Amino acid sequence: MPVKILMVCLGNICRSPLAEGILASKLPKENFIVDSAGTGSWHIGHSPDKRSIAVAKKNGLCIDQQKGRQFKTSDFDEFDYIYVMDNSNYRDVTHLAKTPEHKNKVCLILNELFPDENVDVPDPYYGAVDGFDNVYKMLDEAAEIISKKLIKKHS
Ligand code: 4NP
């Protein structure tokens, strides 16, 4: 059974599609499935934001095929690990958890880089284009650590 990892942000068009693409590129496809979702419903069925597609492309990744979806309670059963981008996502997702096991699956992604500091991946949606480069770099560093941990733990 492949290990399943879910990346979650608010809209599922800027940060979590990048997080999905970056982590998937660092893990063997046979053993790991990476997906993403948003806590909000505005962008269901939408492609990632053009600026996320562009920064992914600049770094050699294609995320064009992704489609937005909303986080749902059954994701707690479906996924082994749930990484959220910011503290507000953490509150929204853990609010839906019905058991401690479900809640324990949820981690702030930048705690992998800065343990226990609870740092947000800033939402680049309303900001300048270089916000997307900054987000890419943070997510790439976090995904590097996550991929090493997961490969070690699950193989
Ligand atoms: P994301 O950014 O959570 O990184 O996908 C956002 C994208 C869209 C909206 C909010 C955040 N929105 O309100 O439409």
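**Exercise 1. Find out why Cys-9 forms no disulfide with Cys-14.**

Step 1. Start with the distance: the sulfur of Cys-9 lies 7.0 Å from the closest cysteine sulfur, that of Cys-14, which is too far for a bond. A disulfide here is a pair of cysteine sulfur atoms within 2.5 Å.

Step 2. Look from the other side: Cys-14 is in no disulfide either, and its nearest cysteine sulfur is that of Cys-9.

Step 3. Widen the view: the structure holds zero disulfides.

Before moving on, a word on the model. It is predicted, so local features need pLDDT of at least 70 and side-chain atom pairs count only at pLDDT 80 or more, while totals for chains, interfaces and linings use all residues. Residues are numbered from 1 along each chain as its sequence is written, and side-chain values use heavy atoms, leaving out hydrogens and water.

**Exercise 2. Decide whether Cys-9 and Cys-14 are buried or exposed.**

Step 1. Take the cut-offs: buried means under 20% relative accessible area, exposed over 50%, and partly exposed in between (1.4 Å probe, protein chains only).

Step 2. Apply them: Cys-9, at 2% relative accessibility, is buried, and Cys-14, at 5%, is buried too.

**Exercise 3. Trace the contacts of Leu-18.**

Step 1. Place the residue: Leu-18 is among the residues that touch the most other members of the largest nonpolar core, which has 31 residues. Such a core is a set of buried Ala, Val, Leu, Ile, Met, Phe, Trp, Tyr and Cys residues joined through side-chain atoms within 4.5 Å.

Step 2. List partners beyond four places in sequence: Leu-18 is in contact (heavy atoms within 4.5 Å) with residues including Val-55, Ile-63 and Leu-139.
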